[in-house]
Amino acid sequence: QVQLVESGGGLVQAGGSLRLSCAASGRTFSMYVMGWFRQAPGKEREFVALILENEISTYYATSVKGRFTISRDNAKNTLGLQMNSLKPEDTAVYYCATGRTWSISDDDYDSWGQGTQVTVSS
């Protein structure tokens with residue numbers, strides 16, 4: 001398994017930006033689909049974005065498309081999520097995860113980080 005550690009969360013005003021990072025241990029990072037998910041209080045965990053092993057192909061939830069950008073650097077074992085034009089409804093704990101296939105279901109992701117809190121004030 002891959003160990004994942006997220007960072008970069010914090011408190012930001014609506015309209016602001018944050019960049020999340022996910023550092024992965026292990027030499028097999030490049031073999032995995034990587035995803036970002038989030039969970040708001042009292043809600044189910046939801047898909048945010050994914051990026052394939054090729055560092056190029058991406059897919060976004062409708063709610064974040066055009067505002068968030070996912071990226072990865074296989075040489076550095078890192079995953080990123082640039083979040084712009086943040087809204088109060090983006091407030092959640094954000095998780096990175098490894099997957100073995102293109103999927104927006106968290107059931108298809110195996111290793112998870114501990115999460116990082118993002119709070120957007122209105």
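Student: What makes the link of Cys22 and Cys96 right-handed or left-handed?

Tutor: In this predicted model, the angle about the S-S bond is 60°, and the link of Cys22 and Cys96 is right-handed.

Student: How do you know that Cys22 and Cys96 form a disulfide?

Tutor: Their sulfur atoms are 2.1 Å apart, and the cut-off is 2.5 Å, so the pair counts as a disulfide. A search of the whole structure finds one such bond.

Student: Which parts of the chain does the disulfide of Cys22 and Cys96 tie together?

Tutor: Cys22 belongs to strand β3 and Cys96 to strand β9, so the bond connects parts that are 74 residues apart in sequence.

Student: Why is Cys22 called buried, and why Cys96?

Tutor: Buried requires under 20% relative accessible area. Cys22 has 1%, so Cys22 counts as buried. Cys96 has 0%, so Cys96 is buried too.

Student: Why is the pair of Phe37 and Phe47 called edge-to-face?

Tutor: The ring centres are 5.8 Å apart and the planes stand at 75°. Pairing needs centres within 6.5 Å, and edge-to-face needs planes over 60 degrees apart, so Phe37 and Phe47 meet both conditions. Phe37 sits in strand β4 and Phe47 in strand β5, ten residues apart.

Student: Are Phe37 and Phe47 buried or exposed?

Tutor: With a relative accessible area of 1%, Phe37 is buried. Phe47, at 11%, is also under 20%, so Phe47 is buried. Both rings belong to one aromatic cluster, whose members also include Tyr59, Tyr95, Trp102, Tyr109 and Trp112.

Student: What makes Arg45 a charge over the ring of Trp112?

Tutor: Arg45 lies over the face of Trp112, at 3.7 Å from the ring centre; the distance limit is 6 Å. Likewise, the charged end of Arg72 sits over the ring of Phe29, 4.6 Å from its centre.

Student: How do the side chains along β7 alternate?

Tutor: Phe68, Ile70 and Arg72 point to one face and are buried, whereas Thr69, Ser71 and Asp73 point to the other and are not.

Student: How do you know that β7 and β8 pair?

Tutor: Six bridges join these antiparallel strands, and at least two are needed, so β7 and β8 count as paired. Ser71 stands opposite Gly80 in β8. Four residues lie between the strands of this hairpin, where Asn77 takes a positive phi near 55°.

Student: Which residues touch the most other members of the largest nonpolar core?

Tutor: They are Trp36, Leu79, Leu81, Met83 and Tyr94, in a core of 35 residues. Strand β5 gives the largest share of this core, five residues.

Key:
Residues numbered from 1 in each chain as written. Predicted model: local features only at pLDDT ≥ 70, side-chain atom pairs only at ≥ 80, totals over all residues. Heavy atoms only, no water. Core = buried A, V, L, I, M, F, W, Y, C linked by side-chain atoms within 4.5 Å. Buried < 20%, exposed > 50% of the residue type's maximum accessible area, 1.4 Å probe, protein only. Phe/Tyr/Trp six-rings, centres within 6.5 Å; stacked < 30°, edge-to-face > 60°. Lys NZ or Arg CZ within 6 Å of the ring centre and 35° of its normal.
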